[in-house]
Amino acid sequence: MAKRIYVLNGPNLNRLGLREPEIYGRTTLSEVEQMCRAAAPGRALDFRQTNKEFELIDWIHEAIDEGSGIIINPAAFTFTSIALLDALKMFPGPIIELHISNIHRREAYYHHSYVSKVATAVIAGLGANGYRVAVAAMQDLLGEARAHPA
Ligand code: DHK
C-alpha cells in the first residue's frame with residue numbers, strides 16, 4: 001500500500017463556508033475533504049485541520065516517516081512561520097502549497113510566503129476546487145495513475 005498523501009490545513013479553515021464567503025466561498029471543509037477523497041478513490045489520504053502551529057509541525061514530522069506527499073494550506077502561518085518552513089525542509093517527498101484565494105491579489109502581508117521556498121508547486125485562487133486539482137497533481141508527481149472524472 002502506497003504511503004499516505006497528507007492534506008493539511010491551518011488556522012481558521014475549520015470555519016470554511018462561513019468565513020468571509022466573498023473570499024473563501026461557501027464550500028465547507030468537510031465538503032473539501034470529500035472532494036479530495038473523490039479525486040483519489042481507494043488512495044490512502046489523511047485530511048486534517050488545526051489552529052495550532054505546533055500541531056501542524058508535528059503532523060509534518062509524522063509525514064516524514066509515513067507520507068509520500070504533502071498538500072498544505074498553511075493559511076496565515078504561510079506568512080509568519082519559519083518553524084513550518086524548517087519542518088517542511090525535512091520532508092523528502094513532493095509538497096504542494098495551496099491557497100483558496102489568490103494571495104498575490106490581496107493585502108501585501110499575504111504576498112511573502114515562507115512555504116513557497118520549499119514547495120514543489122503552488123496553487124492559489126482556484127477556490128475550494130484547488131484541493132481537487134492539488135490531489136490530481138500530487139498523484140502525477142508521485143507517478144501514480146489517477147481517477148479520471150467520468
Ligand atoms: C487562507 C487564509 O486563512 C489566509 O490567511 C491566507 C488562505 C489565504 C487561503 O486563501 O486559503 O491569506
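User: What makes Phe-47 and Tyr-131 count as buried or exposed in this predicted model?

Analyst: Phe-47 is buried, and Tyr-131 is too. Buried means under 20% relative accessible area, exposed over 50%, and partly exposed in between (1.4 Å probe, protein chains only). As the model is predicted, local features need pLDDT of at least 70, side-chain atom pairs count only at pLDDT 80 or more, and totals for chains, interfaces and linings use all residues. Residues are numbered from 1 along each chain as its sequence is written, and side-chain values use heavy atoms, with hydrogens and water left out.

User: Why is the pair of Tyr-109 and Tyr-110 called edge-to-face?

Analyst: Rings of Phe, Tyr and Trp (its six-membered ring) pair if their centres lie within 6.5 Å; planes under 30 degrees apart are stacked, over 60 edge-to-face, the rest tilted. Tyr-109 and Tyr-110 sit 4.7 Å apart, centre to centre, with 70° between the planes, so edge-to-face fits.

User: How do you know which of the two is buried and which is exposed?

Analyst: Tyr-109 has a relative accessible area of 56%, so it's exposed. Tyr-110 comes in at 18%, so that one is buried.

User: What makes Asn-73 a polar contact of the ligand?

Analyst: A polar contact is a pair of N or O atoms within 3.5 Å; within protein, one must be able to donate a hydrogen and the other to accept it, and residues adjacent in sequence count only if both atoms are side-chain atoms. A polar side-chain atom of Asn-73 lies 2.9 Å from a ligand oxygen atom, so the distance fits. For Ser-101, a polar side-chain atom is 2.7 Å from an oxygen atom of the ligand.
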